[in-house]
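Here are some exercises to work through with the coordinates open beside you. Try each task on your own before reading its solution.

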Amino acid sequence: MAKKFDILARTEGLKERFEEVQLLITDPSVISDQKRFMRLSKEYKELENLTKKSDEYRLLLANLEEAQTIVAEESDDELRHMAEDEIEAIREQLPTMEEEIKLLLIPKDPEDDKDAIVEIRGGTGGDEAALFAGDLYKMYVKYCESQGWRCSTSSFSEGTLGGFKEIVFKVEGDGVYGKLKYESGVHRVQRVPATETQGRVHTSAATVAVLPQADEFDVEVKESDIRVDTYCSSGAGGQSVNTTYSAVRLTHIPTGIVVQSQDERSQLKNKARAMEELRTRIYNMEYQKYIDEIASKRKTLVSTGDRSAKIRTYNFPQGRVTDHRIGLTVYQLSDVLDGDIQQFIDALTVAENAERLASAEM
C-alpha cells in the first residue's frame with residue numbers, strides 16, 4: 001500500500017491549486033498580462049488532467065475498500081462473490097492508473113504543445129542527398145496532413161537534380177513539437193542513385209532539425225539588432241515568382257543568425273514569417289541547454305535534440321527502416337516514406353516515458 005499512499009500524498013493539494021488557477025485565468029488583470037495568462041492556461045490544462053485522474057484513482061480505492069468490507073462482513077454468498085469480482089477488476093486497473101498519474105506528476109517538456117519550425121538539409125551525398133531531403137520533406141508533409149496540421153514553407157534551395165539542398169517550413173497544430181521533436185538528427189538512405197550506372201548502392205544523408213516555435217513573449221528581439229535585406233523570390237528552375245522585392249532576409253547582428261522567407265507574395269508577410277523563425281532560432285540556443293541537461297541524465301538519445309546523431313536508416317534494397325535509438329526495424333519503407341511514421345513516434349514516446357519514470361524519484 002506504500003505506493004498508493006505515496007501517490008495520494010503527491011496529489012494532495014492539487015485540486016486546491018486547480019481551482020485557484022481556474023479563478024485566476026478569468027481575472028481581467030491576468031488576461032491583460034498575456035505572458036502570465038498563457039503560463040496559467042498551460043498550468044490549468046495540465047492540472048485539469050492530473051486532477052481528473054487523481055479523482056478517478058481515489059474513487060477506485062474507495063470502491064476497493066468498500067468491496068473488501070463486503071467480503072469480510074457480508075453473509076450473502078452472491079454479494080460476496082460480486083465484491084470479490086470487483087476487487088479483482090480494481091486490482092487490475094490500479095497499476096495502469098498509478099503509472100499514468102506518475103507520468104502526469106513528472107514535469108514534461110514545457111515546449112511539447114508548441115508549433116514547430118522544421119529544417120531539412122541535404123548532407124553527405126551531393127545530388128542524391130538533396131533528392132533524399134526532398135523525400136523526407138514529402139514524408140513529413142504527408143504525416144502532418146494525417147494529423148490535421150498545417151505546413152507552410154518559409155524558404156528553400158533546390159538541388160540540381162531535384163529535391164532540396166535545404167528547406168525550412170513551419171508546422172502548426174495541436175502538440176506538434178511534442179511529436180516531431182523525435183525527428184531531429186541525421187537520417188541516412190541506402191539506395192542506388194538515379195545517376196549510378198553500375199547499380200551500386202550508395203549511402204547518403206540529410207539532417208533534420210525540429211525547433212519549438214518561440215512566442216513573442218518567449219524572447220525579445222530588438223529591431224536595432226536586425227539587418228533587413230530584400231530580394232526577388234525565385235521558384236523552380238530559377239523562374240521568378242514575382243518581380244517585386246518581396247523576399248526578406250534577416251540578419252541578427254549579435255548572434256550572426258540569418259533567416260529568410262520567400263514563400264509569401266507580400267514583403268510584410270515574409271518579414272513577419274522570418275521574424276518568427278529568427279525568434280525561434282535565438283530561443284532555441286537557450287532551449288538546447290535545457291535539452292542537453294536532460295540528455296546528460298539519461299542513457300539513450302531518444303530526444304536529446306542532438307542533430308549530429310544518426311537516428312534512422314532507410315534501406316531501399318531491403319525495404320526496411322531502422323531507428324537506431326530504440327532498435328526498431330520495420331519492413332514498410334514505402335509506407336514510411338508515404339508519411340506513416342506514427343509507429344516510430346509512439347515507440348520513442350514510450351521509451352522516453354520509461355526513462356522519465358526511471359529517472360524520477362517517485
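## Exercise 1: A salt bridge across a strand pair

The side chains of Arg150 and Glu172 form a salt bridge, with N and O 2.5 Å apart. Your task is to place Arg150 and Glu172 in the chain and to state how each is exposed.

Solution. A word first on the source: this is a predicted model.

Step 1. Arg150 belongs to strand S2 and Glu172 to strand S3, and the pair links distant parts of the chain, 22 residues apart.

Step 2. Arg150 has a relative accessible area of 48% and is partly exposed, because that class covers the range between 20% and 50%. Glu172 is partly exposed as well, with a relative accessible area of 24%.

Step 3. Now look at the strands themselves. S2 covers residues 150-158 and S3 covers residues 164-172; they pair in the antiparallel sense over eight bridges. Glu158 stands opposite Phe164 in S3.

Step 4. Finish with the turn. The hairpin of S2 and S3 has five residues between the strands, and Gly162 there takes a positive phi near 120°.

## Exercise 2: Two more salt bridges

Find which helices hold Glu100 and Lys53, and decide whether Glu352 and Lys181 are buried or exposed.

Solution. A general point helps here: side chains of opposite charge can pair when their charged atoms come close.

Step 1. In the salt bridge of Glu100 with Lys53, the closest N and O atoms are 3.0 Å apart. Glu100 lies in helix H5 and Lys53 in helix H4 (residues 34-73), so this pair ties together parts that are 47 residues apart in sequence.

Step 2. With a relative accessible area of 33%, Glu100 is partly exposed.

Step 3. Turn to Glu352 and Lys181, whose side chains meet in a salt bridge at 3.7 Å, N to O. Glu352 lies in helix H10 (residues 342-359), while Lys181 sits in the loop between helix H7 (176-180) and strand S4 (185-191), so the pair ties together parts that are 171 residues apart in sequence.

Step 4. Both Glu352 and Lys181 are buried, that is, each has under 20% relative accessible area.

Step 5. To put these pairs in context, the count for the model is 23 salt bridges, with a cut-off of 4 Å. There is also a network of salt bridges that links Glu119, Arg121, Glu166, Glu277 and Arg281.

## Exercise 3: Patches on the surface

Which residues make the nonpolar surface patch of about 250 Å², and which form a negative surface patch?

Solution.

Step 1. The nonpolar patch is made by Ile70, Leu79 and Met82. Of these, Leu79 has its place in helix H5 (residues 77-105).

Step 2. Leu79 is partly exposed at a relative accessible area of 38%. It passes the patch test on area because residues need over 30%.

Step 3. The negative patch is formed by Glu84, Asp85, Glu88 and Glu92. Glu92 is also placed in helix H5, and its relative accessible area of 58% makes it exposed.

## Exercise 4: The partners of strand S7

How many bridges join S7 to S6, and how many join S7 to S8?

Solution.

Step 1. Strand S6 (residues 226-231) pairs with S7 in the antiparallel sense over six bridges. Arg227 stands opposite Thr251 in S7.

Step 2. Strand S8 (residues 257-261) and S7 run antiparallel, joined by five bridges. Here Leu250 stands opposite Val259 in S8.

Step 3. The hairpin of S7 and S8 has four residues between the strands, and Gly256 takes a positive phi near 80°.

Step 4. Check the cover of S7 (residues 247-252): five of its six residues are buried, and the strand is mostly covered.

## Exercise 5: Distances in sequence and space

How far apart in space are the C-alpha atoms of Pro212 and Glu277, and those of Asp135 and Phe164?

Solution.

Step 1. Pro212 and Glu277 are 65 residues apart in sequence, and their C-alpha atoms are 9.9 Å apart in space. Pro212 lies in strand S5 (residues 202-212) and counts as buried, at 1% relative accessibility.

Step 2. Asp135 and Phe164 are 29 residues apart along the chain, with 9.1 Å between their C-alpha atoms. Asp135 has its place in helix H6 (residues 127-147) and is partly exposed, with a relative accessible area of 21%.

Methods: Residues numbered from 1 in each chain as written. Predicted model: local features only at pLDDT ≥ 70, side-chain atom pairs only at ≥ 80, totals over all residues. Heavy atoms only, no water. Patch = residues over 30% accessible without salt bridge, like charges linked within 9 Å, V, L, I, M, F, W, Y side chains within 5 Å. Areas by Shrake-Rupley, 256 points an atom, 1.4 Å probe, with all protein chains shown as cover. Helix = DSSP H or I, 4+ residues; strand = E, 2+ residues; numbered from the N terminus. Buried < 20%, exposed > 50% of the residue type's maximum accessible area, 1.4 Å probe, protein only. Lys, Arg positive; Asp, Glu negative; His and termini not counted. Charge placed at Lys NZ, Arg CZ, Asp CG, Glu CD. Pairing = 2+ DSSP bridges.
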